[in-house]
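Reader: Please take a close look at the charged side chains that pair up in this structure, and then say what surrounds them. I am in my first year, so plain wording would help.

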Amino acid sequence: MTEPANKIKNIVGTIVPPFATAATVLLIILSLLEYFRRGFVSLFLDFRIVAAVALVLWLVAVATEAPPRRRRLALVLPTLALAAALPIIYKLAMPYGRLGLATLVAGIAAIVVIFLSMIKE
Amino acid sequence: MRYLRIISIFLAAASTIAVLVWIVAQNLVPSGIFEAHWRPDASSALIGPVVPEARLLPLGISDDGMPYRSLVEEPVNFDVRLPSTFDTATVSVTVAGEPKIVELGGLASRATWTNDLRPGSNAIIDGLNWTAVRANGLTLYERRPDFKTVDDFLSNLPTAGVAVYRADVSSLVKIPGYAPAKTAQTYKTAFRGAASLKVYLNNEPLDFTFRTQDVNRHAGADGFTATATLNGSRIARAQLSDDGNDGADGKLSGLRDLRLYTDQPISGVVRIDLPAPDDIVFRETATKQRKFVFSSRFYAADNVGYLKDPAAFSLVSNGRRLYATTTHPEAFQTLAVGGQKLAIDDLNKPFTVSTNDDIRAGGLVAISSPYGDLRLETAGLFAFAKDNFFNPDPAPVTWETDVDKDGIDYILTSYVPPSRRGDWRTMSATFDLAKLSVVSRAANFTISVPGIGLQQKELRISAIDVTLKRAPLTKDGLWPAIVKMWRSVTGQQKEFVNSLTN
């Protein structure tokens with residue numbers, strides 16, 4: 001990789017993980033709020049957007065962060081978070097139809113596949 | 001790179017907090033006014049969907065470019081989800097089409113599926129070329145200008161030619177020559193489930209004893225509280241607890257008496273509400289009151305497991321159209337309605353017959369069933385017998401009313417004609433949310449178009465707009481509101497008082 005490309009990768013790898021972590025934490029908090037009081041969040045915010053943002057950020061983080069330990073850590077947290085939030089996300093995705101559900105399942109499956117491939121590394 | 005990481009962490013944390021603060025603020029609604037909108041071509045997180053879908057036609061576009069869904073059967077319902085506690089909900093529905101009467105309702109009780117219906121659009125009244133006088137939320141339409149004010153009309157209520165539409169004048173009713181009975185009479189016409197009665201009293205105590213039985217055909221406890229009200233104030237209440245069997249095994253309980261009475265004599269028209277679940281059968285009604293009627297519906301019970309003989313019954317009604325439905329094939333029968341026969345030979349299907357001719361000729365129509373087990377509904381009243389009948393409300397305006405043929409000279413109504421724009425009219429009604437059933441942060445509303453199926457008309461719905469209101473949040477009220485929200489979030493507090501009873 002060329003020097004400028006490496007530099008960009010390092011900058012992105014520095015900026016994105018905190019946002020990815022924040023998006024995951026937000027997803028967990030929103031899921032819990034929704035779990036306690038249905039409609040508290042979903043009346044105003046589409047969960048698919050939050051889940052998609054978290055997923056994309058983590059994929060970018062995984063793609064840019066160099067050290068394998070951090071990459072593994074980067075995968076463990078969102079996988080666990082999404083797994084924990086899955087029942088609520090499933091419940092919320094249902095009204096949005098099969099497409100919303102399929103997007104979520106595909107995203108989670110993608111993370112699990114990458115996670116497993118990282119473990120093998 | 002270290003500073004970049006710190007700045008990133010700070011911004012990420014700030015974004016998360018900002019989203020959470022925004023969500024809380026959205027739920028708190030500091031202004032106290034919250035608007036939600038539904039359009040046929042866009043889904044809304046706060047309103048709808050409008051159900052049942054089978055009563056609506058697919059999306060259409062009108063000549064003026066307005067998307068709409070057409071309603072072809074009624075009623076249809078929709079939920080309005082509430083982000084926090086509000087006092088009132090103003091529901092506005094924009095419609096076009098030919099049905100004569102459109103009404104808006106708020107679901108007041110999920111146990112009895114009772115709606116608080118308000119006038120929306122009434123083509124019969126809109127088409128009148130009569131003089132109108134208004135006062136205190138009421139409008140009097142007169143064929144001839146006989147009364148200068150509404151009060152003048154109410155003080156000298158004519159004995160004939162009066163119709164009402166969503167206006168209550170029962171407190172003014174006087175029955176000439178009425179004298180209270182000296183002994184109680186027992187009526188053995190059995191009915192089941194929720195019922196609402198109106199009783200005429202003239203300086204006599206209210207005293208009704210209902211002999212009840214729990215038939216345990218549906219799972220769940222079957223207790224309820226009966227209430228009697230006079231001019232909106234409760235004067236008596238009586239509670240019937242469950243029989244201890246909340247299963248659906250069909251085991252009949254013993255007979256238990258529910259007595260609703262007052263110690264003091266009363267004069268006026270008393271309303272009795274029996275919000276009983278369908279498992280409660282009222283086998284007998286004993287009362288000294290001579291004049292009492294059932295409002296709009298009468299669920300005739302069966303005798304299965306109780307008596308060998310079928311629960312044949314007869315009633316009288318002043319309704320101009322009768323609907324009869326059964327849920328059991330054993331109850332397929334031919335109902336005698338005046339001089340007509342109404343065959344009921346399908347399940348869960350409302351069979352209907354017009355009784356207009358009988359009502360125009362004699363004021364009442366006789367109904368006779370050889371078996372019972374029927375849900376009867378009408379825009380009018382039922383009574384066990386002609387002697388019990390009295391009319392607390394002058395004739396209601398229904399979609400079948402013909403003011404000329406029916407000899408109507410006055411219509412008293414709370415109806416306010418909707419605003420119009422081209423073919424579209426926007427009707428509105430404001431509901432007190434404390435009086436509606438709010439469950440899981442949602443209230444339910446109804447669009448009712450009586451007789452739309454029989455008229456074979458369509459009602460186009462192009463917009464539903466809901467405005468929720470309460471007092472705006474003040475500095476002092478902010479912290480209590482956050483505490484209340486937290487208690488609501490953690491399930492320690494119900495958002496609406498009525499949620500406790502529904």
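Author: In this predicted model, B:Asp116 is partly exposed, with a relative accessible area of 29%. Its partner is B:Arg118: the two side chains meet in a salt bridge, with 2.9 Å from N to O. B:Arg118 is also partly exposed, at a relative accessible area of 24%. Both values fall between the 20% under which a residue counts as buried and the 50% over which it counts as exposed, so "partly exposed" is the term for B:Asp116 and for B:Arg118.

As a general point, side chains of opposite charge can pair when their charged atoms come close. A search over all chains of the structure finds 18 salt bridges. One of the pairs found in chain B is that of B:Glu53 and B:Arg69, where the N to O distance is 2.5 Å. B:Glu53 sits in the loop between strand E1 (33-38) and strand E2 (60-61) of chain B, while B:Arg69 belongs to strand E3 (residues 67-71), so this pair ties together parts that are 16 residues apart in sequence. The two ends differ in their cover: B:Glu53 is partly exposed, with 46% relative accessibility, whereas B:Arg69 is buried at 13%.

The loop that holds B:Glu53 has another feature to look at. B:Pro52 lies in that loop, between E1 and E2 of chain B. The peptide bond that joins B:Val51 to B:Pro52 is cis, with an omega of about -5 degrees. A cis bond is also found from B:Glu74 to B:Pro75, where omega is near -5 degrees. B:Pro75 is in the loop between E3 and strand E4 (76-81) of chain B, and E3 is the strand that holds B:Arg69.

A further pair is made by B:Arg192 and B:Asp302, whose side chains meet in a salt bridge at 3.9 Å, N to O. B:Arg192 is in strand E12 (residues 191-192) and B:Asp302 in the loop between strand E20 (291-300) and strand E21 (313-317) of chain B, so the parts tied together here are 110 residues apart in sequence. Both ends of this pair are covered: B:Arg192 is buried, at 3% relative accessibility, and B:Asp302 is buried, at 4%. Salt bridges can also share partners, as those of B:Arg143, B:Arg144, B:Asp404 and B:Asp409 do; these residues are joined into one network.

Just before B:Arg143 and B:Arg144 of that network comes a pair of strands. Strand E8 (residues 131-135) and strand E9 (residues 138-142) of chain B run antiparallel to each other and pair over five bridges. B:Ala132, for instance, has B:Tyr141 in E9(B) as its bridge partner. The hairpin of E8(B) and E9(B) has two residues between its strands, and B:Asn136 takes a positive phi there, near 50 degrees.

Two other residues of chain B have a positive phi without being glycine. In B:Asp373 the angle is about 55 degrees, and in B:Gln456 it is near 50 degrees. B:Asp373 is placed in the loop between strand E26 (365-369) and strand E27 (374-383), and B:Gln456 in the loop between helix H5 (452-455) and strand E34 (459-469). Their cover is opposite: B:Asp373 is buried at 3% relative accessibility, while B:Gln456 is exposed at 74%.

Charge is one side of the picture, and nonpolar surface is another. B:Tyr3, B:Ile6, B:Ile7, B:Phe10 and B:Leu11 make a nonpolar surface patch of about 570 Å². B:Phe10, one of them, lies in helix H1 (residues 2-28) of chain B and is exposed, with a relative accessible area of 58%.

What remains is the contact with the other chain. Chain A has 121 residues, of which 44% count as buried, and contains four helices and zero strands. Its contact with chain B takes 24 residues from chain A and 27 residues from chain B. The size of an interface is often given as the accessible area lost when the parts come together. Here the buried area is about 2200 Å², and carbon and sulfur atoms give 76% of it. Salt bridges across the interface of chain B and chain A number zero.

Definitions and conventions:
Residues numbered from 1 in each chain as written. Chains lettered and ligands numbered in written order. Predicted model: local features only at pLDDT ≥ 70, side-chain atom pairs only at ≥ 80, totals over all residues. Heavy atoms only, no water. Buried < 20%, exposed > 50% of the residue type's maximum accessible area, 1.4 Å probe, protein only. Patch = residues over 30% accessible without salt bridge, like charges linked within 9 Å, V, L, I, M, F, W, Y side chains within 5 Å. Areas by Shrake-Rupley, 256 points an atom, 1.4 Å probe, with all protein chains shown as cover. Salt bridge = Lys/Arg side-chain N within 4 Å of Asp/Glu carboxyl O. Pairing = 2+ DSSP bridges. Contact = heavy atoms within 4.5 Å. Buried area = accessible area lost by both parts, 1.4 Å probe.
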